[in-house]
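Biologist: I am new to this structure and would like a close look at a single part of it. Please pick one residue, then work outward from there.

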Amino acid sequence: MPVYVDNFPGRFGRMNMCHMIADTTEELLNMVDKIGVQRKWIQEPGTYNEHFDICLSKKKKAIDFGAIQIGFRDYANMVNMRKQGEPMVFIKQPTTLFE
(Lines give C-alpha, C1' and ligand atoms only; values in the text may rest on other atoms or scores of the structure.)
Protein backbone atom coordinates (compact mmCIF):
# COMPACT_ATOMS: atom_id res chain seq x y z
CA MET A 1 0.00 0.00 0.00
CA PRO A 2 1.42 3.40 -0.94
CA VAL A 3 2.14 6.64 0.84
CA TYR A 4 1.06 9.89 -0.84
CA VAL A 5 2.40 13.47 -0.77
CA ASP A 6 0.39 16.36 -2.15
CA ASN A 7 1.22 19.73 -3.66
CA PHE A 8 -0.57 21.90 -1.09
CA PRO A 9 1.26 25.23 -0.83
CA GLY A 10 1.13 25.40 2.97
CA ARG A 11 3.51 27.40 5.13
CA PHE A 12 4.81 26.99 8.65
CA GLY A 13 6.97 29.95 9.52
CA ARG A 14 9.43 30.22 6.65
CA MET A 15 9.05 26.58 5.55
CA ASN A 16 6.95 25.45 2.61
CA MET A 17 4.91 22.42 3.63
CA CYS A 18 2.73 19.69 2.14
CA HIS A 19 0.59 16.80 3.41
CA MET A 20 1.62 13.16 3.61
CA ILE A 21 -0.97 10.40 4.03
CA ALA A 22 -1.06 6.63 3.68
CA ASP A 23 -3.56 3.82 3.55
CA THR A 24 -2.62 2.75 7.09
CA THR A 25 -1.07 4.32 10.16
CA GLU A 26 1.70 1.71 10.04
CA GLU A 27 2.70 2.74 6.50
CA LEU A 28 2.61 6.40 7.44
CA LEU A 29 4.80 5.88 10.50
CA ASN A 30 7.24 3.68 8.57
CA MET A 31 7.69 6.46 6.03
CA VAL A 32 8.26 9.20 8.62
CA ASP A 33 10.89 6.99 10.25
CA LYS A 34 12.65 6.66 6.89
CA ILE A 35 12.60 10.38 6.09
CA GLY A 36 13.52 11.61 9.57
CA VAL A 37 10.28 13.20 10.77
CA GLN A 38 9.42 12.69 14.42
CA ARG A 39 6.29 10.64 15.04
CA LYS A 40 5.04 13.22 17.56
CA TRP A 41 4.19 15.56 14.65
CA ILE A 42 1.34 13.34 13.42
CA GLN A 43 -1.82 15.36 12.79
CA GLU A 44 -5.24 14.07 13.91
CA PRO A 45 -4.00 10.55 14.80
CA GLY A 46 -6.54 7.75 14.59
CA THR A 47 -9.02 9.78 12.55
CA TYR A 48 -9.98 9.80 8.87
CA ASN A 49 -7.77 12.91 8.52
CA GLU A 50 -4.60 11.35 9.96
CA HIS A 51 -1.57 12.84 8.19
CA PHE A 52 1.75 14.58 8.58
CA ASP A 53 2.61 18.09 7.46
CA ILE A 54 6.12 17.82 6.05
CA CYS A 55 8.57 20.32 4.55
CA LEU A 56 9.52 20.05 0.89
CA SER A 57 12.97 18.55 1.61
CA LYS A 58 11.23 15.70 3.47
CA LYS A 59 8.74 15.40 0.60
CA LYS A 60 11.65 14.78 -1.77
CA LYS A 61 12.98 12.08 0.55
CA ALA A 62 9.54 10.48 0.74
CA ILE A 63 9.32 10.41 -3.06
CA ASP A 64 12.80 8.86 -3.19
CA PHE A 65 11.46 6.14 -0.86
CA GLY A 66 8.45 5.50 -3.12
CA ALA A 67 5.75 7.99 -2.07
CA ILE A 68 3.35 8.94 -4.85
CA GLN A 69 2.87 12.60 -5.73
CA ILE A 70 -0.76 13.72 -5.87
CA GLY A 71 -2.58 17.02 -6.24
CA PHE A 72 -4.28 18.72 -3.31
CA ARG A 73 -7.69 17.92 -4.82
CA ASP A 74 -6.70 14.25 -4.90
CA TYR A 75 -5.66 14.50 -1.25
CA ALA A 76 -9.00 16.07 -0.31
CA ASN A 77 -10.92 13.38 -2.24
CA MET A 78 -8.96 10.59 -0.57
CA VAL A 79 -9.55 12.01 2.92
CA ASN A 80 -13.23 12.37 2.07
CA MET A 81 -13.36 8.69 1.00
CA ARG A 82 -11.95 7.73 4.39
CA LYS A 83 -14.50 9.95 6.12
CA GLN A 84 -17.28 8.08 4.30
CA GLY A 85 -15.79 4.75 5.43
CA GLU A 86 -14.69 3.85 1.92
CA PRO A 87 -11.21 2.57 1.03
CA MET A 88 -8.86 5.36 0.01
CA VAL A 89 -8.28 5.10 -3.74
CA PHE A 90 -6.12 7.33 -5.88
CA ILE A 91 -7.45 7.69 -9.41
CA LYS A 92 -4.99 9.54 -11.61
CA GLN A 93 -6.78 12.54 -13.01
CA PRO A 94 -5.56 14.58 -15.98
CA THR A 95 -3.24 17.31 -14.72
CA THR A 96 -4.50 20.86 -15.09
CA LEU A 97 -2.94 24.21 -14.33
CA PHE A 98 -5.35 24.67 -11.41
CA GLU A 99 -4.68 21.37 -9.62
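**M31 and its surroundings**

Modeller: Leaving out the neighbours within four places in sequence, M31 has contacts with V3, M20, A62, F65 and A67. The model is a predicted one, and what follows describes that prediction.

M31 is one of the buried residues of helix α1, which covers residues 25-35. The others are E27, L28, L29, V32 and I35. Residues three or four places apart on an α-helix point the same way, because the helix has 3.6 residues a turn. In this helix, the buried residues pack against β1, β3, β4 and α2, the last of these being residues 56-64. After α1 comes G36, with a positive phi near 85°.

Now to the core. The largest nonpolar core has 16 residues, and those touching the most other members are M20, M31, I35, F52, I54 and A62. At least two residues of this core come from each of β1, β3, α1 and β4. The largest share is that of α1, which gives five residues. There is also a second, separate core of six residues, with I70, Y75, M78 and V79 among them.

Next, the strands. Strand β3 spans residues 15-22, and six of its eight residues are buried, so the strand counts as mostly covered. Its pairings can be taken one strand at a time.

- Strand β1 (residues 3-5) runs antiparallel to β3 and is joined to it by three bridges. Here V3, already named as a contact of M31, stands opposite A22 of β3.
- Strand β2 (residues 10-12) is also antiparallel to β3, again with three bridges. F12 has M15 in β3 as its bridge partner. The two strands make a hairpin with two residues between them, and G13 in the turn has a positive phi of about 65°.
- Strand β4 (residues 52-55) pairs with β3 in the antiparallel sense over four bridges. C18 has I54 in β4 as its bridge partner, and I54 is also among the core residues that touch the most other members.

To return to the starting point, M31 is buried in α1, it is in contact with M20, and both M20 and M31 are among the residues of the largest nonpolar core that touch the most other members. A62 is on that list too, and A62 is likewise in contact with M31.

Definitions and conventions. Residues numbered from 1 in each chain as written. Predicted model: local features only at pLDDT ≥ 70, side-chain atom pairs only at ≥ 80, totals over all residues. Heavy atoms only, no water. Buried < 20%, exposed > 50% of the residue type's maximum accessible area, 1.4 Å probe, protein only. Pairing = 2+ DSSP bridges. Contact = heavy atoms within 4.5 Å. Core = buried A, V, L, I, M, F, W, Y, C linked by side-chain atoms within 4.5 Å.
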